[in-house]
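Subject: Handing over the structure

Hi,

Here is the structure I promised to pass on. Have a look at it first, and then read my notes below.

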Amino acid sequence: MATYQLLLRENKPKKDDTYPIIFKIYLGNKSKIITLPFSCTKKEWDVKNKRLRKNYPKYKTINEKLGKLNTRLQNAIDDLEAQEINFDLDDIIKTYKEEAKAHRVKEIAVSKFFNDRIERLESEKRFGSARTLKDTHNSLFRFVESKRITDLKFKQITPAFLEEYESFLKARGGTDGGIGVRMRDIRATFNKAITHGYAKESNYPFKAYKVAKLKSKSNKIAISKDDFECFKSFDITIHPKYEVTYKMFLFSYYAGGMNFKDMTYLKWENVSNERLVYKRQKTKGNFNFKLRDEAIDILKHFKNNILTENENYVFPIIHKHNLTDIQIHYRYKKRLREFNKRLKFIAESVGIEKSLTSYVARHSFATHLKFNNVQESVISQLMGHSSESVTKAYLQDFGSDVLDDAMDMLN
């Protein structure tokens, strides 16, 4: 039967006059030593209780670690004895080290792990995700600096830490929806750290801290059919500056609720025999559907009135050759802001009270199909959603004018 002791190796003093703390393992008439990464003076060692005295700096922390190592060694011996096989001291040490390796966590600062993820996303041309993660990193470390924490590690991100960070954000005007974005980023990063061996699953804080409580009631705006007719009445001959915005909004509606990013990257090669064949930027889902006459007329307009140097693209968003991927991304973001600003002008001009954005065409397309008794599964496929549950989120809340339209359809 194997036994062991936790003690000081008094015959091997270190240069600083401390003695290594060791396990001395006995089996039969033989013994071997496992040297631990701690040392102390004789006055700092409690021989009777096999632990550090209170006069040792951080004695509580080190005693806790010694207790874990003691349990690990005992488990190694118990495992070997339970197998009822012959084993020697080397087998004990090997089993102990294998268990230690399984519990080892590679050290990395949270900030560095965040920045590594951001760089990886940028290398994959996922610039939007990289930007959001960078914003979360900056927000998180403003909080960390306020707490005067240096070199934050994953084990320090506890449920209490997250609660404090949530309060920090709320005190600065953060909404549940915005805070939820930050927390989901941290959760995803923590999960990645566990996968790569930089964090322990036992330290995972999101079992206790629930991100789901930070749900925001999304404002899914869909305009009524009357408002849609008002939009179409906008006179582009009086306001030619708004022609591209006007026609792209209508194209979005008539082309299955195509979002602005997909329209940005749409090329003429995606249009064939009055069909639209393309891959969504967000989900990478493939689309192939027949175009409505209204959408075909809009495409003819842009074909005959090319407003871009880069004639490969349908719409004049990416209008120059030889742009880098990051330049294309920032041009798309800039033009989206302009697009939404111009939509607000159009809405005010024709008397639409709702605030129009690029997504209103998408929501309106889904809503109008719903009230024309098109099945949600079909709407989901037309819109390229990953599941019907995503489509339901588009359709669950309607304005009173949209509900009025629905009541009129009872006739």
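A word on angles before anything else: axes are lines fitted to C-alpha atoms, for helices over the stretch in contact, and angles run from 0 to 180 degrees between N-to-C directions. Contact here means heavy atoms within 4.5 Å. Helices (H or I, at least four residues) and strands (E, at least two) are DSSP runs, numbered from the N terminus. With that in hand, helix H1 (residues 59-82) lies across S1, S2 and S3, and runs at about 160° to S3.

Some housekeeping. This is a predicted model, in which local features need pLDDT of at least 70 and side-chain atom pairs count only at pLDDT 80 or more, while totals for chains, interfaces and linings use all residues. Residues are numbered from 1 along each chain as its sequence is written, and side-chain values use heavy atoms, with hydrogens and water left out.

The overall picture

The protein chain has 15 helices and eight strands. Of its 411 residues, 42% are buried (under 20% relative accessible area; exposed is over 50% and partly exposed is in between, with a 1.4 Å probe and protein chains only). The accessible surface comes to about 23,900 Å², and carbon and sulfur atoms account for 47% of it; these areas come from the Shrake-Rupley method with a 1.4 Å probe, and for residues only the protein chains shown count as cover. If you take the contacts between residues at least 6 apart in sequence, 54% of them join residues at least 24 apart.

The sheet under H1

The strands that H1 lies across make an open sheet of three in the order S1-S2-S3, with antiparallel pairing (two strands pair if DSSP finds at least two bridges between them). Its edge strands are S1 (3-8) and S3 (30-40), each of which pairs on one side only. From one strand to the next, the twist averages 20°.

Strand S2 (residues 19-27) and S3 run antiparallel and are joined by eight bridges. Two places to look at: Leu27 has Lys30 as its bridge partner in S3, and Ile25 stands opposite Lys32. S2 and S3 form a hairpin with two residues between them, and Gly28 in the turn has a positive phi of about 65°.

The other sheet

There is also an open antiparallel sheet of three strands in the order S6-S7-S8. Here the edges are S6 (271-272) and S8 (286-290), each pairing on one side only. S6 is joined to S7 (residues 275-279) by two bridges, with Val271 partnered by Leu276. S7 and S8 pair over five bridges, again in the antiparallel sense, and Lys279 has Asn286 as its partner in S8. The hairpin of S7 and S8 has six residues between the strands, and Lys284 takes a positive phi near 65° there.

Which side chains of S8 point to which face? Phe287 and Phe289 point to one face and are buried, whereas Asn286, Asn288 and Lys290 point to the other and are not. In a regular strand the side chains alternate between the two faces of the sheet.

Aromatic rings

Rings of Phe, Tyr and Trp (its six-membered ring) pair if their centres lie within 6.5 Å; planes under 30 degrees apart count as stacked, over 60 as edge-to-face and the rest as tilted. The count by this rule is 25 aromatic pairs. In one of them, the rings of Phe154 and Phe190 have centres 5.3 Å apart and planes at 80°, so the pair is edge-to-face. Phe154 lies in the loop between helix H4 (127-146) and helix H5 (159-171), and Phe190 in helix H6 (residues 176-195), so the pair ties together parts that are 36 residues apart in sequence. Phe154 is buried at 3% relative accessible area, and Phe190 is buried at 0%. Both belong to one aromatic cluster with Phe113, Tyr198, Tyr204, Phe206 and Tyr209.

Two rings have a charge over them (NZ of Lys or CZ of Arg within 6 Å of the ring centre and within 35 degrees of the ring normal). The charged end of Lys303 sits over Trp268, 4.4 Å from the ring centre, and that of Arg342 sits over Tyr242, 5.9 Å from the ring centre.

Enjoy exploring!
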